[in-house]
Amino acid sequence: MPENKKKLPIGIDSFDKIRRGDFYYIDKTGLILDLLRNWGEVNLFTRPRRFGKSLNMSMLKAFFEIGCDRSLFEGLDIMKEPGLCDAWMGKYPVISISLKSVNGNDYDTACSMMASVIGREALRFQFLLESDRLTDVEKSLYSQLITVGENSSFDITDTVLMGSLYTLSALLKKHYGPDVIILIDEYDVPLAKANENGYYDQMVMLIRNMFDQALKTNHNLKFAVLTGCLRIAKESIFTGLNNMKVLSITDVRFDEYFGFMDTEVQEMLEYYNLSEHYNTIKEWYDGYCFGKTEVYCPWDVLCYCDALCSDRSASPEPYWSNTSGNEAIRHFLEQAGSVTRRELEELIAGGTVYKTIHQDLTYKDMYDSIDNVWSLLFTTGYLTQRGTTEQREYILAIPNKEIRNIFTDQIFKWFQDTARKDGDTLHAFCNAFKTGDPDTAEKKLNEYLRRTISIRDTAVRNDMKENYYHGILLGLLSSNDSWEIRSNRESGDGYCDIMAENDTDGIGIVIELKYAADGDLDAACMAALDQIKQKRYDEQLIDDGMETILKYGIACYKKRCRVMLDTSTA
């Protein structure tokens, strides 16, 4: 980090820690003002992961909670509203929990994790045990929330857990007097984990009962704010919750408070003397549209700026994708038919598709149809909007280069897994290279290319398109355990695309691949074979004692290929 510069808050979602620790902070306190002006008793913000939800919730807690340290907000936008600050800052008891850690493999474990979340929050208010405003019965109710069992974990029954937020809010209201603000971050994580591990219905019942008591029939509630990735259908956990205001990625309200706007990114780059990297950061991490505002993924921007502060030549990386398994894309590819694959090709090429989006999904049904998966990709940040049609369809696009790379990487993995399931075809394909049969190799490779998803983005360089086909070919040939496959191996006067050795049969294979940008597959194949000869790519195989060496030139264009064998060595 440059001298005399604020530290970058990598992975820090505590407002208090950022402000006290002299970290760089992009001011989002305008959220407080808009929240109070656009009142909702229960407010649900849905945004993709890593877009600042947890930090904003921490900011709300720091502002509203009794005992607020006003110095944390000095110099921030909210302090330009002195009347509002006097009326609201530090005036309310706040219950603040995050459910992101409730990810048990079974229901009992998840309940134990939920009890720990509630118990740790309740421990912040141990003064209730000494409060002269509470009865002994009420103190006993509080004690149930902080009771620790023999295994050193919070021992809270399901019944007590369901009423825990209501109980705690009632006790705080009676002790302090003002109504209570409830903040619930990542409310839907337990549902996602429950769906993955087979106890979804049980978890729905638990959370529904918790929310019913805390958010619907709670006369102690001032207001509540929830965050999550999905807007779960009302019939799932928000039954009868008519006081809820949903603020999703399509809503123009609050659209600038989650993610970094372009001006904010430019200011940060200028502060760290990194302005020359603006175009790269914009290409890789910008492009999301929330409401009518275009935003960057803050996690990506912070991580890349941190890398650049240490190494000005650092390359951008897929920081956002590295925090997830990208299951949504995997399910999408598995369900995609020929029409959907063509639509995905259009998206990867930088184009758009028109889709009706269903935001009221449940985790249980989100993979039930390809239409639901389209909606899931949109709400979780893999796709973004570029407007709507008169038929109220969303015009969807891939936001940026990072997400495009996620799609292509997942396509590689999906294609390789799919191809390997067809053992007979894959054996015939690999055997054709071994036996010097370019016609069969070409036929089988064309069959594979027709079934996969092509890269035809005019903005992508030809060498990058070559890498795509290189990856497909490498994945197919690597399925043969009897071969030693090497990629971009130094040999002769250069680096051969693919080299294979079969010690048992003494056969070596050299493959050079070209992308035929003009569609002339024959000319590209001849150029590949000429390169093998000129660069002496067979030298390593000769040194390794291979008795038979087969040299292949392969050219690809969209979903067509040509395979040629150098007959002078066949």
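How many bridges pair E9 and E12, and in which sense? In this predicted model, three bridges do the job, and the pairing is antiparallel. One contact to look at here is Tyr354, which stands opposite Ile395 in E12.

That pairing is part of an open sheet of three strands, arranged in the order E9-E12-E11 with antiparallel pairing. Strand E9 (353-355) and strand E11 (384-388) sit at the edges with a single partner strand each, so one side of each has no neighbour in the sheet. Neighbouring strands here are turned against each other by 40° on average, direction ignored.

On the other side of the sheet order, E11 runs antiparallel to strand E12 (residues 394-397), and three bridges join the two. Thr384 can be traced across to its bridge partner in E12, Ala397. E11 and E12 form a hairpin with five residues between the strands, and it is in this hairpin that Arg392 takes a positive phi near 65°.

E12 itself is covered on both faces. Tyr394 and Leu396 point to one side and Ile395 and Ala397 to the other, and all of these residues are buried. Two of the names have already come up in the pairing: Ile395 is the residue opposite Tyr354, and Ala397 is the bridge partner of Thr384. Helix H17 (residues 370-379) lies across E9, E11 and E12, and runs at about 70° to E12.

Moving to helix packing, helix H6 (residues 136-146) meets helix H8 (residues 164-176) at an angle of about 135°, and their axes are 10 Å apart. H6 and H8 therefore count as oblique to each other, since that class takes in angles that are neither under 35 degrees, nor over 145, nor 65 to 115. The crossing of the two helices is left-handed. On the H6 side, the contact is made by Glu138, Leu141, Tyr142 and Leu145. These meet Ser164, Thr167, Leu168, Leu171 and Lys174 in H8.

Next come the charged pairs. The salt bridge count comes to 33, and a few of them are worth a walk-through. Arg124 and Glu121 meet through their side chains in a salt bridge, with 2.8 Å from N to O. The two partners sit in unlike surroundings: Arg124 is partly exposed at a relative accessible area of 33%, whereas Glu121 counts as buried at 7%, because buried means under 20%. This pair also belongs to a wider set, as Lys61, Glu65, Glu121 and Arg124 are linked in a network of salt bridges.

A second salt bridge joins Asp262 and Lys282, whose closest N and O atoms are 3.5 Å apart. Asp262 lies in helix H12 (residues 262-271) and Lys282 in helix H13 (residues 278-285), so the pair ties together parts that are 20 residues apart in sequence. Both ends fall in the partly exposed class: Asp262 has a relative accessible area of 22%, and Lys282 comes in at 30%.

Helix H13 takes part in another salt bridge, through Glu283. Here the partner is Lys401, and the closest N and O atoms are 3.9 Å apart. Lys401 is in helix H18 (residues 401-421), which puts the two residues 118 apart and makes this a link between distant parts of the chain. Glu283 is partly exposed, at a relative accessible area of 43%.

Finally, there are a couple of backbone oddities in loops. Arg50 is not a glycine, yet has a positive phi of about 70°. Arg50 is found in the loop between strand E1 (42-46) and helix H3 (53-64), and is partly exposed with a relative accessible area of 37%. Lys558 is also a non-glycine residue with a positive phi, here of about 55°. The loop in question runs between strand E16 (548-557) and strand E17 (560-565). Lys558 is partly exposed, at a relative accessible area of 40%.

Methods
Residues are numbered from 1 along each chain as its sequence is written. This is a predicted model: local features need pLDDT of at least 70, side-chain atom pairs count only at pLDDT 80 or more; totals for chains, interfaces and linings use all residues. Side-chain values use heavy atoms; hydrogens and water are left out. A salt bridge is a side-chain nitrogen of Lys or Arg within 4 Å of a carboxyl oxygen of Asp or Glu. Buried means under 20% relative accessible area, exposed over 50%, partly exposed in between (1.4 Å probe, protein chains only). Helices (H or I, at least four residues) and strands (E, at least two) are DSSP runs, numbered from the N terminus. Two strands pair if DSSP finds at least two bridges between them. Axes are lines fitted to C-alpha atoms, for helices over the stretch in contact, and angles run from 0 to 180 degrees between N-to-C directions. Contact means heavy atoms within 4.5 Å. A crossing is left-handed if the near helix is turned anticlockwise from the far one by less than a right angle, and right-handed if clockwise.
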